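Visitor: Before we discuss particular terms, may I see the model that they describe? I should like each label to be justified by its value and its criterion.

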Amino acid sequence: MFGWLRDEMVGQSVEILVPQALRNAHRRHRSVYAKDPVSRPMGLGMELEAVRKDGVAFPVEISLGPSRDRSGDLVVVCVVRDLTQSQVLRRVASARVLAIESERKRIAGELHDEVKQGLTATQLHLAALVQMDVAPKDAAEMVLGVQRDLDRCQDALDRAIRDLMPIELERWGLGFALSILCRRAGDDGFAVERDIRPTGGALSAEARLAVFRIVQEAVNNVKRHSGAATATVRYWRDGRVVRAEITDSGGGFSSDGLDPHRSVGLANMRERSRIVGGRLTVASALGEGTSVRLEVPVAFPVPQQEDPE
Ligand SMILES: Nc1ncnc2c1ncn2[C@@H]1O[C@H](COP(=O)(O)OP(=O)(O)O)[C@@H](O)[C@H]1O
Ligand SMILES: [Mg+2]
């Protein structure tokens with residue numbers, strides 16, 4: 001765990017396992033502990049770190065248990081558990097919760113701003129019409145207004161439904177759903193060029209949704225952050241993997257400058273890819289654009305057991 005060999009450690013002070021800045025404090029804690037040695041966790045409630053031979057610190061949990069050796073001297077048995085893995089898992093879990101919440105917030109915002117407001121306006125206009133509060137020449141205008149409001153509500157509902165679950169994905173498959181996604185992302189100042197090849201239903205349902213969501217987030221990122229007028233989406237099968245690439249030649253970004261708590265979209269892309277056994281690489285440099293590359297293994301049918309004869 002610490003990168004030392006047994007022989008290198010024997011006879012050394014235990015402080016070689018403690019981060020440099022804490023070594024003096026650790027010595028003091030040890031002498032206090034020696035006066036009243038009991039079995040207990042070390043640094044209860046604190047985030048403890050230990051340090052490896054190569055100087056890299058890692059999170060640990062330590063329990064202390066006093067004992068006596070043959071000559072009656074105090075020895076303390078320390079059990080050290082490496083928490084790196086559970087810390088990573090915790091971070092992934094909290095990124096996932098954040099991502100779900102931020103998606104919900106966006107959808108709720110859209111339903112509120114577009115659908116609720118539109119329906120309220122419709123209600124007011126209809127009430128005025130019913131009470132004949134309106135001059136006949138204004139009534140026709142008002143009915144047209146109601147129609148426009150309802151159209152907008154319908155569009156917003158369509159978008160919200162698509163955000164919740166891309167229906168075309170289940171009905172017509174991933175290639176088709178990606179094409180629609182690319183077309184819909186385009187608007188006055190932005191276009192998505194696409195080269196989408198049939199992959200022959202190579203992916204599981206779970207992997208299809210993962211690829212769709214990753215491409216969706218990457219395209220949204222190009223549109224919102226890159227400043228580029230086009231994004232390029234490629235999707236094809238390459239032997240035992242399916243590949244997707246989303247590239248732009250916009251402003252790019254440097255990963256040093258990213259706040260990990262706010263880069264929920266990128267974290268979520270990684271997590272989705274990991275869950276389906278995929279590999280995601282994001283390459284970007286300031287002023288040089290960004291490329292997101294995804295590789296997902298195709299789902300093979302379980303091979304028939306071969307006859308040993
Ligand atoms: N294609 C891109 N071009 C430029 N910057 C990008 C691109 N993709 C991501 N970024 C940068 O990375 C940040 C994190 O992206 P993301 O995790 O999706 O979070 P969000 O989109 O909510 O800001 C963005 O805020 C942006 O600064
Ligand atoms: Mg994003």
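## Labels and their grounds

Guide: Let us begin with a strand position: V51 stands opposite A57 in β3. Please note that this is a predicted model.

Visitor: What makes β2 and β3 a pair?

Guide: Two strands pair if at least two bridges are found between them. Strand β2 (residues 48–51) and β3 have 4 bridges in the antiparallel sense, so the criterion of at least two is met. They also form a hairpin with 5 residues between them, and G55 in that turn has a positive phi of about 90°.

Visitor: How do you know that β1 and β3 pair?

Guide: Strand β1 (residues 40–41) and strand β3 (residues 57–68) share 2 bridges, again antiparallel. The threshold is at least two, so this count suffices. Here P41 stands opposite S63 in β3.

Visitor: On what grounds are β3 and β4 called antiparallel partners?

Guide: Strand β4 (residues 74–82) is joined to β3 by 9 bridges in the antiparallel sense, and the criterion of at least two is therefore satisfied. Among the matched positions, G65 stands opposite V77, and E61 has R81 as its bridge partner. β3 and β4 form a hairpin with 5 residues between them, where G72 in the turn shows a positive phi of about 85°.

Visitor: Why is β4 said to lie largely in the open?

Guide: A residue is buried if 20 or more other C-beta atoms lie within 10 Å of its own. Of the 9 residues of β4, the number buried is 0, so the strand lies largely in the open.

Visitor: Why are β5 and β8 said to stand at the edges?

Guide: The open sheet contains 5 strands in the order β5-β6-β7-β9-β8, with mixed pairing. β5 (191–196) and β8 (279–284) each have a single partner strand, so one side of each is without a neighbour in the sheet. From one strand to the next, the twist averages 10°.

Visitor: How many bridges support the pairing of β6 with β7, and how many that of β8 with β9?

Guide: Strand β6 (residues 230–238) and strand β7 (residues 241–248) pair in the antiparallel sense over 7 bridges, with T247 of β7 as the bridge partner of T232. β8 and β9 pair, also antiparallel, over 6 bridges, and T281 has R293 of β9 as its bridge partner. Both counts satisfy the requirement of at least two, so both are pairs. β8 and β9 also form a hairpin with 5 residues between them, and G287 in the turn has a positive phi of about 80°.

Visitor: Which strands do helices α6 and α7 lie across?

Guide: Helix α6 (residues 174–185) lies across β5 and β6, running at about 165° to β5. Helix α7 (residues 205–226) lies across β5, β6, β7 and β9 (290–297), at about 10° to β7.

Visitor: Which helix gives the most to the shell around ligand 1?

Guide: That helix is α7, with 5 residues. α7 and α8 (264–275) each supply at least two residues of the shell. Of the 16 residues around ligand 1, N221, S226, S263, G265 and L266 come nearest. By class, the shell has 5 nonpolar, 9 polar and 2 charged residues.

Visitor: What makes the meeting of α3 and α8 a contact?

Guide: The axes of helix α3 (residues 84–130) and α8 come within 9 Å and cross at roughly 115°. The contact is made by V92, A95, R96, L98, A99 and S102 of α3 and V264, A267, N268 and E271 of α8. Two residues count as in contact if their C-beta atoms lie within 7 Å. By class, this contact has 6 nonpolar, 2 polar and 2 charged residues.

Visitor: Why is D256 called exposed?

Guide: A residue is exposed if 12 or fewer other C-beta atoms lie within 10 Å of its own. D256 has 5 such neighbours, so it counts as exposed. D256 lies in the loop between β7 and α8. Its C-alpha atom is separated by 23 Å from that of E245, 11 residues apart along the chain.

Note on methods: Residues numbered from 1 in each chain as written. Chains lettered and ligands numbered in written order. Predicted model: local features only at pLDDT ≥ 70, side-chain atom pairs only at ≥ 80, totals over all residues. Axes fitted to C-alpha atoms, helices over the stretch in contact; angles between N-to-C directions. Near = placed C-beta within 6 Å. Nonpolar A, V, L, I, M, F, W, Y, C, P; charged D, E, K, R; others polar.
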